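Biologist: I am new to this structure. Could you walk me through how to read it?

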Amino acid sequence: MTATTTAAPTAAPTARAEKPPSDRLRAWATRAPLLPALIFMIAVTQLPFVATLVISFFDWNALYPDARRFTGLANYTEVLTDADLRHSVWTTILLTAAVVLASLVLGLGLALLLDRRFRGRGLVRTLLIAPFLVVPVAAALLWKHVLYNPEYGLLNGLLHYVGGPQPDWISNTPLLAVEAALVWQWTPFMMLILLAGLQSRDQQQIEAAKVDGANDWQIFRHLTLPHLRRYLELGALLGSIYIVQNFDAVFTITSGGLGTANLPYTVYQSFYQAHENGLASAAGVLVVIGSIVIATFALRVVSSLFREEASRS
Amino acid sequence: MSENTAAVVRPRRTRQTGLGLGLLAWLAGILFFLPIAWMALTSFHSEEDAATNPPSFGAALTLDGYREFFGTGGGASPWPSLVNSTVASLTSTLLVLLLALPAAYALSIRPVRKWTDVLFFFLSTKMLPVVAGLLPIYLFAKNTGLLDNIWLLVVLYTSMNLPIAVWMMHSFLSEVPVAIIEAAQIDGARLPTILTRVVAPIALPGIAATSLICFIFSWNELLFARVLTGVVAETAPVFLTGFITSQGLFLAKVCAASLVISLPVLTAGFAAQDKLVQGLSLGAVK
């Protein structure tokens, strides 16, 4: 015990080495408030995942429970070789990358616009945040019925005024239709993160650069963008984590049809409708592996921001 | 970035580009808000006026869409689902607070050893997708008779929001200066007094923002609710999925429904506006 005390330099330098039993008691007293939350999280999130992992090695259709048997990696080979399932892996990647990139670029533009002082800035900020605060299913319904509808949707209504064509948006470009709705909802998220980044810039440094004759573009390119890199990374990674799991938009706008089924939708469908428990679990495990890859990067970014914060205070 | 010449003739040009960029910001704001404004306007139109091409902006206003939505027209009443959503969101938020506050205390004010590791464990659970545990949870619920039970959703929503809450609370509680707590201790104040008189006043705005964000996430959730509830425990987003394949004239009703169900989120979101980024970035951005 005495050897480890050096690892805690923040500990109060009281006479604690004298009484080891009460010391241990105090350590438990410190830990006690943490335990309910910790145990709850392990029970509700970790255990089900372990169960998913186990089920993924079984050939198990809920309609034929007696035929359940261990098949090793067969479910994984099936998920990775089945054309539909492989397509949904590809759709997930495409959907996530497109939405994250587009909303990041738009969010950056909006954040730069909002970083300047102008009349009604607060109100414009509120207007821009609003799309993020519409219930996701409601937002998807809004795009599906009110904007995209080929006969009376607002998009074709506005095209009507300029004599443009009247496309059937969802049938013609299903994936793009889902992506546009998601970009509309996620751009405000990116904007908020990047705006926070912009406002944490070193103003003195910028003033100094201006005095030295740097123009707006040079300041943006050499001061703002490097400073924003962390925030761009954070936005991209958090956005990926949320959008890779997206179910609401795909379920509502296309019901997974027209080649828009992503992995979460496929997992939902393969056990909820097709009752293929083993296959669904294998697909679920694949989503987790994908998320872990993203999450490893995300954790690194968050912890570097976190350390920066800690060293400042 | 088109105004490269702006740098050359500074005084007048910068004022003009400044005005132009302000206008551009306004234009972007209006463009992003347009779908919501149109949804609100349509919800007050009659079904006939809602489904026209070109759109009828100036049509007469009516409350028919809302009457239709609230079930006076004979359709399914949304009230049970609204009550379910309210119960699930409020109870799970309360539960989150009860679990997260002590945990955050043990991670910031009186930290355990290796508290950063614990903090990152909580974060890592947030990165485990919902679908990862959905099937076992479904099978568990089916075998224990918890299917279509709102309390199962309460437990799941609590687990969904707990990591966010722990991170946010940690960052808010860290703002309480240790010196104040030590001073109170020297003055002979005991733990309950310190918590209610010293810690709470400083951390309260943060706790409020955390609750609002947890409420929003629970209210919005669809996948768990869709799979685990049926007739009895149906939540508001599940009620909305009933509009996915509707036929005939129903635009005003859809708009009214979407607006009413989004209203709590819009209210909570605007109330927590300043702390929204901090919550969504799990406390990484202030």
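Biologist: Which elements of chain A have the lowest and the highest mean pLDDT?

Modeller: pLDDT is the predictor's confidence in each residue, from 0 to 100. Among the elements of chain A, helix 14 is lowest with a mean of 77, and helix 9 is highest with 93. Helices here are DSSP runs (H or I, at least four residues), numbered from the N terminus. Over residues 1–17 of chain A the pLDDT is below 50. Where pLDDT is low, the predicted coordinates should not be read in detail.

Modeller: This is a predicted model: local features need pLDDT of at least 70, side-chain atom pairs count only at 80 or more, and totals for chains, interfaces and linings use all residues. Residues are numbered from 1 along each chain as its sequence is written, while chains are lettered from A and ligands numbered from 1 in the order in which they are written.

Biologist: How many residues of chain A are in contact with chain B?

Modeller: Two residues are in contact if their C-beta atoms, placed from the backbone, lie within 7 Å. By that rule, 83 residues of chain A meet 82 residues of chain B. Helix 14 (residues 277–312) of chain A gives the largest share of chain A's side, 14 residues.

Biologist: Is helix 8 of chain B buried or in the open?

Modeller: A residue is buried if 20 or more other C-beta atoms lie within 10 Å of its own, exposed if 12 or fewer, and partly exposed in between. Of the 9 residues of helix 8 (residues 178–186) of chain B, 0 are buried, so this helix lies largely in the open. Just after helix 8 of chain B, G188(B) takes a positive phi of about 90°.

Conventions
Helix = DSSP H or I, 4+ residues; strand = E, 2+ residues; numbered from the N terminus.
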